[in-house]
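Trainee: I have a new structure to learn. Can we go through it step by step?

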Amino acid sequence: GGVNGIGLPTAAGLRSNLGNITLDGMPANDADTNNMMSVISVDAIEEIKLIGSGFQAEHGRSAGASMTVVSKSGTNVFRGTYAYYLRHDAFNENSFFNLRNNLPKPYYRYHTGSGTFGGPIGRANASNNKLFFFYAREDWSTDEPRTPNRVTVPTALERAGNFSQTVDTSGRLLFIRD
């Protein structure tokens, strides 16, 4: 949500910021802007339910869609996951405009590590069905390309106040009036 992802979808003809998001029963919206503020790893989500209209009272905080997100919980056996996602410039082709302007392929790398781990805590009873834990973590390392910018800087003559040889983008001399 917010700057870290997407907000609610537009539903029932209403704007997305009119929606309501709850995470494990707690509001996950910013009280002022109504944008989603809580961030949860996709690997830690057990269930997502989207209700477009016809709400029950528990979903009636806002006029738009209601999204409920339920996180995973531990189980009576130890379980975990690990994933690594790589997006690398070595796998990309150079863009049309970079090729046209003889520019190199931009440095472009996303590294995402994600893992979860859950299980029972202690020996509450013989079948371990009383107390559980669950932990999820996601780490991002990002190097994104920037659009090449072309700028015009003053020449040495212009920095000295002499604009007698200043030209426009077509190469024509500019006439400067004081």
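Trainee: In what order do the four strands of the open sheet lie?

Mentor: Keep in mind that this is a predicted model. The sheet is open, and its pairing is mixed. Its four strands come in the order 2-1-4-3.

Trainee: Which strands stand at the edges of that sheet?

Mentor: Look for strands with a single partner strand. One side of each is left without a neighbour in the sheet, so these are the edges. They are strand 2 and strand 3 (45-51).

Trainee: How many bridges join strand 3 to strand 4?

Mentor: Strand 4 covers residues 66-71. The two strands run antiparallel. The number of bridges joining them is six.

Trainee: Which residue in strand 4 stands opposite Glu47?

Mentor: Strand 3 spans 45-51, and strand 4 spans residues 66-71. Opposite Glu47, in strand 4, stands Val70.

Trainee: What pattern does the protein chain follow along the sequence?

Mentor: Start with the count: two helices and seven strands. Then read along the sequence. The pattern is β-β-β-β-β-α-β-β-α.

Trainee: What share of the 178 residues is buried?

Mentor: Buried means under 20% relative accessible area. In the protein chain, the share of residues that are buried is 22%.

Trainee: How much of the exposed area do carbon and sulfur atoms supply?

Mentor: The protein chain exposes about 13200 Å². Of that area, carbon and sulfur atoms supply 54%.

Trainee: Among contacts between residues at least 6 apart in sequence, what percentage join residues at least 24 apart?

Mentor: Take the contacts in the protein chain between residues at least 6 apart. Then pick out those that join residues at least 24 apart. Their share is 55%.

Trainee: On to charges. Which residue forms a salt bridge with Arg109?

Mentor: Side chains of opposite charge can pair when their charged atoms come close. The structure holds three salt bridges. In the one formed by Arg109, the closest N and O atoms are 2.7 Å apart, and the partner is Asp89.

Trainee: How many residues apart are Arg109 and Asp89?

Mentor: Arg109 and Asp89 form a salt bridge. The pair links distant parts of the chain. Arg109 is in strand 6 (residues 109-120), while Asp89 is in the loop between strand 5 (79-88) and helix 1 (96-100). Their separation is 20 residues.

Trainee: Is Asp89 buried or exposed?

Mentor: The relative accessible area of Asp89 is 12%. The cut-off for burial is under 20%. Therefore Asp89 counts as buried.

Trainee: Which residue meets Arg137 in a salt bridge?

Mentor: Arg137 is partly exposed, at 45% relative accessibility. Its partner is partly exposed too, with a relative accessible area of 39%. The N to O distance is 3.1 Å, and the partner is Asp139.

Trainee: Is Arg172 buried or exposed?

Mentor: Arg172 meets Asp168 in a salt bridge, 3.2 Å from N to O. Asp168 is partly exposed at 24% relative accessibility. Arg172 has 56%, so Arg172 counts as exposed.

Trainee: Now the backbone. What is the phi of Asp24?

Mentor: Most residues other than glycine have a negative phi. Asp24 lies in the loop between strand 1 (20-23) and strand 2 (26-27). Asp24 is not a glycine, yet its phi is positive, near 55°.

Trainee: Where is Asn102?

Mentor: Asn102 also has a positive phi, about 55°. Asn102 is exposed, with a relative accessible area of 72%. Its place is in the loop between helix 1 and strand 6.

Trainee: Which side chain does a polar contact of 2.6 Å join to that of Thr116?

Mentor: Thr116 is found in strand 6. Thr116 is buried, with a relative accessible area of 9%. Leaving aside neighbours within four places in sequence, its contacts include Asp43, Phe134 and Tyr135. The polar contact joins the side chain of Thr116 to that of Thr81.

Trainee: What is the area of the nonpolar surface patch that includes Phe91?

Mentor: Phe91 lies in the loop between strand 5 and helix 1. Phe91 is exposed, with a relative accessible area of 62%. Together with Tyr82, Tyr84 and Leu86, Phe91 makes a patch of about 510 Å².

Definitions and conventions:
Residues are numbered from 1 along each chain as its sequence is written. This is a predicted model: local features need pLDDT of at least 70, side-chain atom pairs count only at pLDDT 80 or more; totals for chains, interfaces and linings use all residues. Side-chain values use heavy atoms; hydrogens and water are left out. A salt bridge is a side-chain nitrogen of Lys or Arg within 4 Å of a carboxyl oxygen of Asp or Glu. Buried means under 20% relative accessible area, exposed over 50%, partly exposed in between (1.4 Å probe, protein chains only). A polar contact is a pair of N or O atoms within 3.5 Å; within protein, one must be able to donate a hydrogen and the other to accept it, and residues adjacent in sequence count only if both atoms are side-chain atoms. Contact means heavy atoms within 4.5 Å. Patches are made of residues with over 30% relative accessible area and no salt bridge: like charges are joined within 9 Å, nonpolar side chains (Val, Leu, Ile, Met, Phe, Trp, Tyr) within 5 Å. Accessible areas come from the Shrake-Rupley method with a 1.4 Å probe; for residues, only the protein chains shown count as cover. Two strands pair if DSSP finds at least two bridges between them.
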